[in-house]
Amino acid sequence: MTTTVTTACVVCLSALWQDELGRMACRRCTLRISDDLAALPGLYVQLGGALMPGSGAGGPAVSGSRTAPLPLRLAPLSLSAKGGVVTVLQQWVEDWHTCLEYEAPTWKGDLAAQCHAAVARLQLLLPWAVESHPAVDDFAEEVRQTRAECEQVITRERRGRTVGVTCPCGAILRITLDTLGRRCTCGEQYGQAELRDLPLAERRVAA
């Protein structure tokens, strides 16, 4: 049986160095994933302070009441509640444990403690994932997006503009200036430079 050796990073699609051949992700992307993971516990804690209207980069909201004014901001609430940041991380831990045939993880403490535990576990298993996990590109993108969403709702900064570019097959790929690479539904893979060379998608005019 012939084994195919990976020659390009599945995250940024750049060619792997000689000593990286066979890995799923290059060292640069591995460091970026690790940095994104490391930022999440601190960002998660800050989400609690961003719940009140008027809170964010400009400081906490001022209210004459000791209780948070309503309505609460929905974006930080959805990220900090069950089903948000913590659930995303835990699902990846559970997936990796299944792949490695490890026991199912147990989660103790409040959601902030569970966030720390999930990140610690993912950091520990990251060297294995970047060498062997077939969906490490999906993991890298989801962690990057999660970090970006947290930072955006905390600072209230506008997200980077998203534009559509057209693959020769006709499919439209949505990208930003930070997009490292993207795989089209036709199977064609594009690195960051190649994505920027694709023609912009034409805007559809409403009838």
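**Figure 1. Six helices and four strands make up the protein.** The model is predicted. Along the sequence, the elements follow the order α-α-α-α-α-β-β-β-β-α. The protein has 207 residues, and 36% of them count as buried. Of the contacts with a separation of 6 or more, 55% join residues 24 or more positions apart.

**Figure 2. The largest nonpolar core has 39 residues.** C9, L37, L89, W96, L122 and F139 have the most contacts inside this core. Helix 1, helix 3 (85–100), helix 4 (111–132) and helix 5 each give two or more residues to the core. Another core, of eight residues, lies apart from it; V165, L173, I175 and Y190 are among its members.

**Figure 3. C9 and its contacts in the model.** C9 is one of the residues with the most contacts inside the largest nonpolar core. Leaving aside residues up to four places away in sequence, C9 touches S14, L16, M24, A25, C26 and C29.

**Figure 4. Helix 3 matches its expected span.** At 1.5 Å a residue, the 16 residues of this helix should span 22 Å. The C-alpha atoms at its ends are 23 Å apart, which agrees. Its buried residues are V85, V86, T87, V88, L89, Q90, W92, V93, W96 and H97. Two of these, L89 and W96, are among the residues with the most contacts inside the largest nonpolar core. E101 follows helix 3 and has a positive phi, near 60°.

**Figure 5. Helix 5 runs 28 Å between its first and last C-alpha atoms.** It has 20 residues, and the span is close to the 28 Å expected at 1.5 Å a residue. V136, D137, F139, A140, V143, T146, C150, V153 and I154 are its buried residues. F139 is also among the residues with the most contacts inside the largest nonpolar core. After helix 5 comes R156, with a positive phi near 60°.

**Figure 6. A salt bridge links helix 5 to helix 1.** The structure holds five salt bridges. In this one, R147 pairs with D36, and the closest N and O atoms are 2.8 Å apart. R147 lies in helix 5 (residues 136–155) and D36 in helix 1 (residues 27–49), so the pair ties together parts that are 111 residues apart in sequence. R147 is partly exposed, with a relative accessible area of 24%. D36 is buried, with a relative accessible area of 8%.

**Figure 7. E141 and R144 form a salt bridge within helix 5.** The closest N and O atoms of the pair are 2.8 Å apart. The two residues are three residues apart, about one turn of the helix. E141 is partly exposed at 27% relative accessibility. R144 is partly exposed too, at 24%.

**Figure 8. D19, E20 and R27 belong to one salt-bridge network.** Shared partners join these residues. Between E20 and R27, the closest N and O atoms are 3.7 Å apart. E20 counts as buried, at 2% relative accessibility. R27 counts as partly exposed, at 40%.

**Figure 9. The second largest pocket holds about 330 Å³ of space.** Its lining has 18 residues. V10, V11, D137, E141 and G181 lie nearest its centre. Helix 1, helix 5 and strand 3 (181–183) each give two or more residues to the lining. Helix 5 gives the largest share, five residues. E141 also takes part in the salt bridge with R144, and D137 is one of the buried residues of helix 5.

**Figure 10. C169 sits in the loop between strand 1 (163–166) and strand 2 (172–175).** C169 counts as partly exposed, at 44% relative accessibility. Leaving aside residues up to four places away in sequence, C169 touches C184 and C186. G187 is 18 residues from C169 along the chain, and 9.9 Å separates their C-alpha atoms.

How values were computed:
Residues numbered from 1 in each chain as written. Predicted model: local features only at pLDDT ≥ 70, side-chain atom pairs only at ≥ 80, totals over all residues. Heavy atoms only, no water. Salt bridge = Lys/Arg side-chain N within 4 Å of Asp/Glu carboxyl O. Buried < 20%, exposed > 50% of the residue type's maximum accessible area, 1.4 Å probe, protein only. Expected span 1.5 Å × (residues − 1). Core = buried A, V, L, I, M, F, W, Y, C linked by side-chain atoms within 4.5 Å. Contact = heavy atoms within 4.5 Å. 1 Å grid on protein atoms, 1.4 Å probe; cavity = no way out; pocket = protein on both sides within 12 Å on 5 of 7 lines; lining within 4 Å. Points joined across faces, edges and corners; volume = space filled by probe spheres on them.
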